Every structure is written in C-alpha cells, then in structure tokens.
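Good morning, and thank you for making time for this presentation. I would ask you to keep the sequence and the structure in view while I speak.

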Amino acid sequence: MSGTRTWPALMVASALTVICAVIAGVAASAAAGELTRGPSAGELRQASAAEIARRWELWPAGRVFPTTLGYTGEQGGREKARRVGISSRTDCAASVDAPLRAPVRAAGCRAILRATYIDALQGVVVTVGVAAFPDSVSASAAEAAFPKAGKPTPGLRALSFPGTVTDRFNAASRQESTARQAGPYVVLTTVGQVDGRPARWVGKQRPTIFTFAGDLAGQIAAALTAPAAPDCEAKEWRC
C-alpha cells in the first residue's frame, strides 16, 4: 500500500518542476525582452524633459545667448540686438534683488545665467536672465514672485560691462522688466538706457521703446524648450 502512494507524489513533483521551469523560462524571456526593447513613448518623453531641463548647463553660453537676436523695431522693420557680454557668475542670489532671493531659492533655483544686449540704435540696454528650475511647476512658482506690468524692481539685476556702451547700466537705471515661464525656466529681462538715467528722472516713455526686450526673451525661451529627437547614445540624454 505504501508503494501506491508514491506515484501521485512523484507526478505532482514532476508537474511542479515543469511549471517552475516554464515560469523561469517566461521570466527569463521577459527579462531579455526588457533589456533589448527600445525605450517606450513615456520614457522618451521623460528623457526629452530631462534633456531640456539640463540645457542651461550642457549648452555653451553662446548657444543660450546668441551673438545677435532679431526683433521688430518701433517702426515695424526688422532689427538686430547685439550681445555685449555674458556673466561668468550663475548663482541665483547674486542675480536678483534681495526680496526675490527667498522665493527663488524656495522654488529650487539651480542657476541664473545672464547676458546683456544693446539695441540696433545703441540707445537701449537689455539684460536677459535665464533662471533654471527642476521642473515647470517650480518655475511657475518662481515666476509668480516677480513683479507684473513691467515694474523693474525687485527684479533681475542689471549686468553692465566696463568700457562698453553698457557701463552706465545699473540698478537705479532699470526702467522696465519682463518675466515669462518656459518649461523649467523663467526667462527674465531688465531694461534701461545707455546714458544711465535713473528711472525716476524719466518722463512718459514712448510705449514701444522697450517692447523688443520681450522679443529677445521669447526667442531664448523658445530655443531652450524646443523639442528635440531623443538620442539615447548622446551624453546629454538619459533614456
């Protein structure tokens, strides 16, 4: 009688062995498929977002801030603003006025890049700032802290270069500003005149004298956030 009970036990054991082998084979096949498959659509979107968020540190400064930027002049013609210089400092606190340092830091500011441009007539100076944040939510929170309706202070600090037409551009001579979120970035401008006249001395301005600053900021923002085809072999991509 004892011998008759061993066959079912052996059959069960054999069946379990076969099942385990099948499961192991399926798992191995799935693992191999996971290792060899290409990135999914969701993974590509994540890689693209990560690449955009790192452009501020991976791109050469001259790519973030081109030598010239086109804009529409007051009379409607196309003009070019010329880059005067790029700041070597990127720390967030040094780039904005004191009242903005806490909200910018709280939003996770990684860096603020700055460059200064001069308009085609060499009468208006624009400092453009690119504030980098971890993601669009953080950038949106930071953008909300900047003044609205063109108020220049508190805002981006003026960047001048001694020995150039911008050397009189300083905190007191800032007359207007802009701030716009673009993905994980906030692109900022602060604007004044080359003679350095303080804003409080300026009477009613022509309404379009400083509007080209928004054109410059828009082009820089568009380049920084332009979608790019993923290249998982390149160092700037993390697929």
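Let me begin with one term: in what follows, a contact means heavy atoms within 4.5 Å. With that in hand, we may take Val-128, which lies in strand S4. Leaving aside residues up to four places away in sequence, Val-128 touches Phe-65, Leu-113, Arg-114, Ala-115, Tyr-117, Leu-156, Val-187, Leu-188, Thr-189 and Ile-220. I shall return to this residue once its surroundings have been described.

I should say at once that this is a predicted model. The mean pLDDT of the protein is 84, and 73% of its residues reach 70 or more. Over residues 1–13, however, the pLDDT is below 50, and this stretch has zero contacts in the model beyond near neighbours in sequence. Where pLDDT is low, the predicted coordinates should not be read in detail.

Now to the overall architecture. The protein contains seven helices and six strands. Along the sequence they follow the pattern α-α-α-α-β-β-α-β-β-α-β-β-α. Of the 239 residues, 38% are buried. The accessible surface comes to about 13000 Å², and carbon and sulfur atoms supply 58% of that surface. Among contacts in the protein with a separation of 6 or more, 68% are between residues 24 or more positions apart.

How are the six strands ordered in the sheet? They form an open sheet in the order S1-S2-S3-S4-S6-S5, with antiparallel pairing. At the edges are strand S1, residues 68–72, and strand S5, residues 176–182, each of which pairs on one side only. Neighbouring strands are turned by 30° against each other on average, direction ignored.

Two helices deserve mention here. Helix H6, residues 136–143, packs on the sheet and touches S5 and S6, its direction making about 160° with that of S5. Helix H7, residues 212–225, lies across S1, S2, S3, S4, S5 and S6 and runs at about 125° to S1.

Let us now walk through the sheet from the S1 edge. S1 and S2 pair in the antiparallel sense over five bridges, and Thr-68 stands opposite Arg-82 in S2. Strand S2, residues 78–86, is in turn joined to S3 by four bridges, again antiparallel. Arg-82 appears here as well, standing opposite Ile-118 in S3.

Strand S3 merits a closer look. Eight of the eight residues of this strand, 111–118, are buried, so S3 is largely enclosed by the rest of the structure. In a regular strand the side chains alternate between the two faces of the sheet. In S3, Ala-111, Leu-113, Ala-115 and Tyr-117 point one way, while Ile-112, Arg-114, Thr-116 and Ile-118 point the other way, and all are buried.

On its other side, S3 pairs with strand S4, residues 124–132, in the antiparallel sense over eight bridges. Within this pairing, Arg-114 has Gly-129 of S4 as its bridge partner. The two strands form a hairpin with five residues between them, and Gln-122 in the turn has a positive phi of about 55°.

This brings us back to Val-128 in S4. Is Val-128 buried or exposed? Its relative accessible area is 0%, which is under the 20% cut-off, and therefore Val-128 counts as buried. The C-alpha atoms of Val-128 and Ala-115 are separated by 5.4 Å, although the two residues are 13 apart along the chain.

Beyond S4 comes S6, joined to S4 by nine antiparallel bridges. The bridge partner of Ala-131 in S6 is Val-186. S6 is mostly covered, as nine of its nine residues are buried. One side carries Tyr-185, Val-187, Thr-189, Val-191 and Gln-193, and the other carries Val-186, Leu-188, Thr-190 and Gly-192.

Gln-193 is a polar residue to examine on your own display. Gln-193 lies in strand S6, residues 185–193, and is buried, with a relative accessible area of 11%. Its side chain makes a polar contact with the side chain of Gln-175, at 3.4 Å.

Finally, we reach the S5 edge. Seven bridges join S5 to S6 in the antiparallel sense, and Arg-180 has Val-187 of S6 as its bridge partner. S5 and S6 form a hairpin with two residues between them, where Gly-183 in the turn has a positive phi of about 60°.

Thank you for your attention.

Definitions and conventions. Residues numbered from 1 in each chain as written. Predicted model: local features only at pLDDT ≥ 70, side-chain atom pairs only at ≥ 80, totals over all residues. Heavy atoms only, no water. Buried < 20%, exposed > 50% of the residue type's maximum accessible area, 1.4 Å probe, protein only. Pairing = 2+ DSSP bridges. Polar contact = N/O pair within 3.5 Å; in protein donor to acceptor, adjacent residues only side chain to side chain. Areas by Shrake-Rupley, 256 points an atom, 1.4 Å probe, with all protein chains shown as cover. pLDDT = per-residue confidence, 0-100. Axes fitted to C-alpha atoms, helices over the stretch in contact; angles between N-to-C directions.
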